[in-house]
Amino acid sequence: MNTTSLPRTSHSSGWLRQMTELAPGLLLAGAIAAAATWGARQPLLAGSGLSALTLAICIGLVIGNTVYPRLEPGCHAGVGLAKQRLLRAGIVLYGLRLTFQDIGHVGMAGVVVDALVLGSTFLLAQWLGRRVFGLDARTTVLIGAGSSICGAAAVLATEPVIKGRAEDVAVAVATVVVFGTVGTFLYPALFHWNAAHGWLDMSPAQYGLYVGSTVHEVAQVVAAGEAIAPEAADVAVISKMVRVMMLAPFLLLLSMAVARGNRSSQVSDGQPRRITIPWFALGFVAMAGVNSLGVLPAAVVEVGVQLDNALLAVAMAALGLTTHVRAVRAAGTKPLLLAALLFAWLLVAGLLFNRWVPGLL
């Protein structure tokens, strides 16, 4: 009797031990995420387009470079779980924000514009980052992904594919924060200046497509669109969601490119490295597919989106906790210069794409 009960007791004690190890770090990251979520809802910050993800990494950075080094021995396991597994779960649930029907709302022209903006911005980032600024590949890829797709969420989703370091991710997120925030205020100002001077014929809906295809973060897109008109905000969000949907094929292509780049280095058995499939990206598409079928009650989708917000905020908090400011400072001004040029490209080339493509299709 005692013999048969031993494995169960051992299993239970092992589970409790693991939970005890994970709890402090998860509770710390969760507390930071909760504070960031509350802060992002305050009128002053909500109006600026700053999201809970941005605030979570900022708070995490402050704590991570002050009191966290003393807490790290007890929190390391839980914070590591938040940065890895909870992040991937959050990316999967991100698909609940999308439906394939969104593509129909922006039409083929909107899809082509989003694809051109994404592809051209990311390729420009690789050329400028590596050839002009001499940045390392990981930082360049992360900044390119954040600028071309969906800001911090794209940076977080890309990091596991290229095995980026915490400081690489922090630098990339910082560029998204800086220029995404600038765009939140600059785009509406440009719309009003254009209306006052009559430079271009641009309706609120056309402005929404322009914003959705070029502004970094979803929260920033909402803020820039609502500053003009509800119609502009609605179209901007739909266009942005189509751009977000391109995250999954982007990650798959990036994974193939990484594997191809590694073929020159052989493993111990002499075989080339295999492609690492980012399964969470496929889960992201599957979740969007389920949401597109309309089988999930609206309440379930809403709970899923709120859970996703929490998971991503916790992951960002954990990232901030493990990022050393000295490592970010060591990156210098080159990442910001790269992001500035990409921002200028989004403004100018994005406008040209939005004016040119609809006339061709």
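**Figure 1. Lys163 and its backbone angle in the loop between helices H7 and H8.** In this predicted model, Lys163 is exposed, with a relative accessible area of 58%, which is over the 50% needed for that class. The residue sits in the loop that runs between helix H7 (152–162) and H8. Although Lys163 is not a glycine, its phi is positive, at about 55 degrees. For comparison, most residues other than glycine have a negative phi.

**Figure 2. The aromatic pair of Phe122 and Phe250.** A pair of aromatic rings is described by the distance of the centres and the angle of the planes. The count for this structure comes to five aromatic pairs, and one of them is formed by Phe122 and Phe250, whose ring centres are 4.9 Å apart and whose planes stand at 85 degrees, an edge-to-face arrangement. Phe122 belongs to helix H5 (residues 101–132) and Phe250 to helix H12 (residues 247–261), so that the pair links distant parts of the chain, 128 residues apart. Both Phe122 and Phe250 are buried.

**Figure 3. The aromatic pair of Tyr187 and Tyr210.** Here the ring centres of Tyr187 and Tyr210 lie 5.1 Å apart and the planes meet at 45 degrees, so the pair is classed as tilted. Tyr187 is part of helix H8 (residues 166–197), whereas Tyr210 is part of helix H9 (residues 204–214), and the pair therefore ties together parts that are 23 residues apart in sequence. Tyr187 and Tyr210 are both buried.

**Figure 4. Packing of helix H11 with helix H12.** Two packed helices are described by the angle between their axes and the distance between the axes. Helix H11 (residues 230–245) packs with H12 at an angle of about 25 degrees, and the two axes are 5 Å apart. Because angles under 35 degrees fall into that class, H11 and H12 are roughly parallel to each other. On the H11 side the meeting residues are Arg243, Val244 and Met245, and on the H12 side they are Leu247, Ala248 and Pro249. By residue class, this contact of H11 with H12 divides into five nonpolar residues, no polar residues and one charged residue.

**Figure 5. Surroundings of Ile149 in helix H6.** Ile149, which has its place in helix H6 (residues 137–150), is buried, with a relative accessible area of 0%. Leaving aside residues up to four places away in sequence, Ile149 touches Leu118, Ala154, His216, Lys240, Arg243, Val244, Leu247 and Phe250. Among these neighbours, Phe250 also takes part in the edge-to-face pair with Phe122, while Arg243, Val244 and Leu247 are among the residues through which H11 and H12 meet. The C-alpha atoms of Ile149 and Gly119 are 9.3 Å apart in space, and these two residues are 30 residues apart in sequence.

**Figure 6. Surroundings of Leu81 in helix H4.** Leu81 is found in helix H4 (residues 68–93) and is buried, with a relative accessible area of 19%, because the class takes values under 20%. When residues up to four places away in sequence are not counted, Leu81 touches Leu22, Leu26 and Leu86. For Leu81 and Leu22, which are 59 residues apart along the chain, the C-alpha atoms are separated by 7.8 Å.

**Figure 7. The buried residues of helix H10.** In helix H10 (residues 218–226), the buried residues are Gln220, Val221, Ala223, Ala224 and Gly225. These buried residues of H10 pack against H8, H9 and H11.

**Figure 8. Cys75 and Cys150, with the chain as a whole for context.** Cys75 is buried, with a relative accessible area of 8%, and Cys150 likewise counts as buried, at 1% relative accessibility. A disulfide is a covalent bond between the sulfur atoms of two cysteines, and a search of the whole structure finds zero disulfides. The protein chain has 16 helices and zero strands, and buried residues make up 47% of its 361 residues. Among contacts in the protein chain between residues at least 6 apart in sequence, 81% join residues at least 24 apart.

Methods: Residues numbered from 1 in each chain as written. Predicted model: local features only at pLDDT ≥ 70, side-chain atom pairs only at ≥ 80, totals over all residues. Heavy atoms only, no water. Phe/Tyr/Trp six-rings, centres within 6.5 Å; stacked < 30°, edge-to-face > 60°. Helix = DSSP H or I, 4+ residues; strand = E, 2+ residues; numbered from the N terminus. Buried < 20%, exposed > 50% of the residue type's maximum accessible area, 1.4 Å probe, protein only. Disulfide = S-S within 2.5 Å. Axes fitted to C-alpha atoms, helices over the stretch in contact; angles between N-to-C directions. Parallel < 35°, antiparallel > 145°, perpendicular 65-115°, else oblique. Contact = heavy atoms within 4.5 Å. Nonpolar A, V, L, I, M, F, W, Y, C, P; charged D, E, K, R; others polar.
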